[in-house]
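Take a moment with the sequence and the model below. We will walk through one part of the fold, step by step.

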Amino acid sequence: MSQSQEMKNLTLLGNQSAPYIFDYTPEILEAFDNRHTANDYFIKFNCPEFTSLCPMTGQPDFATIYLSYIPDKLCVESKSLKLYLFSFRNHGDFHENCINTIGKDLVELLQPRYLEVWGKFTPRGGLSIDPYYNYGKPNTKYEKMAEHRLFNHDLYPETIDNR
């Protein structure tokens with residue numbers, strides 16, 4: 001497959017007038033073909049400027065989101081991911097729901113072999129919340145991997161000194 005064929009359905013990459021939508025918009029996510037389906041590899045995104053709103057107070061919540069996945073046939077296009085995450089800016093929801101929504105939207109789009117989303121939210125009222133979502137393709141080794149990583153993902157939490 002040529003690179004031009006691979007990118008034929010991408011509308012946001014390189015588009016200077018791509019919209020910044022301030023309301024939750026999963027439809028903005030785009031994907032391209034994975035040219036390396038014969039091997040497993042991780043793709044990781046670190047998103048240190050995630051913002052959503054508390055559904056009770058309307059105050060902003062800030063987080064760093066760590067998103068990692070092993071693609072199957074598709075990869076998420078990074079500009080569409082950036083715009084998608086930005087669309088949470090005025091979205092009122094609890095931290096746990098934001099992280100689960102992001103994970104499920106990406107699973108629906110990509111049908112990856114494995115995917116995980118970890119949100120590390122800054123504290124409000126002296127309490128930080130770090131929800132974790134993961135997915136492994138059913139009936140494969142990735143389903144077992146997901147279970148193992150879920151049960152072992154935070155055995156050695158970092159020292160919190162600046163959030």
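**Following the sheet**

Begin at one pair of residues: Leu53 has Pro60 in strand 3 as its bridge partner. The model you are looking at is predicted.

Now look at the turn. Strand 2 and strand 3 form a hairpin, with six residues between them. One residue in the turn is Gly58, and its phi is positive, about 80°. Past the turn, strand 2 and strand 3 run antiparallel. Nine bridges join strand 2 to strand 3.

What lies beyond this hairpin? Strand 2 and strand 3 belong to an open sheet of four strands. Read the order as 2-3-5-6. The pairing is antiparallel. Which strands sit at the edges? They are strand 2, residues 43–53, and strand 6, residues 132–136. Each of these edge strands pairs on one side only. On average, neighbouring strands of the sheet are turned by 15° against each other, direction ignored.

Next, move to strand 3 and strand 5. Strand 3 covers residues 60–70, and strand 5 covers residues 114–121. How many bridges join them? There are eight, and the two strands run antiparallel. Two residue pairs let you trace this match. Ile70 has Tyr114 in strand 5 as its bridge partner. Ile65 stands opposite Gly119, also in strand 5.

Finally, add a helix. Helix 4, residues 141–152, packs on the sheet. Which strands does helix 4 touch? It touches strand 3, strand 5 and strand 6. Compare directions, too: that of helix 4 makes about 160° with that of strand 6.

Conventions:
Residues are numbered from 1 along each chain as its sequence is written. This is a predicted model: local features need pLDDT of at least 70, side-chain atom pairs count only at pLDDT 80 or more; totals for chains, interfaces and linings use all residues. Side-chain values use heavy atoms; hydrogens and water are left out. Two strands pair if DSSP finds at least two bridges between them. Axes are lines fitted to C-alpha atoms, for helices over the stretch in contact, and angles run from 0 to 180 degrees between N-to-C directions. Contact means heavy atoms within 4.5 Å.
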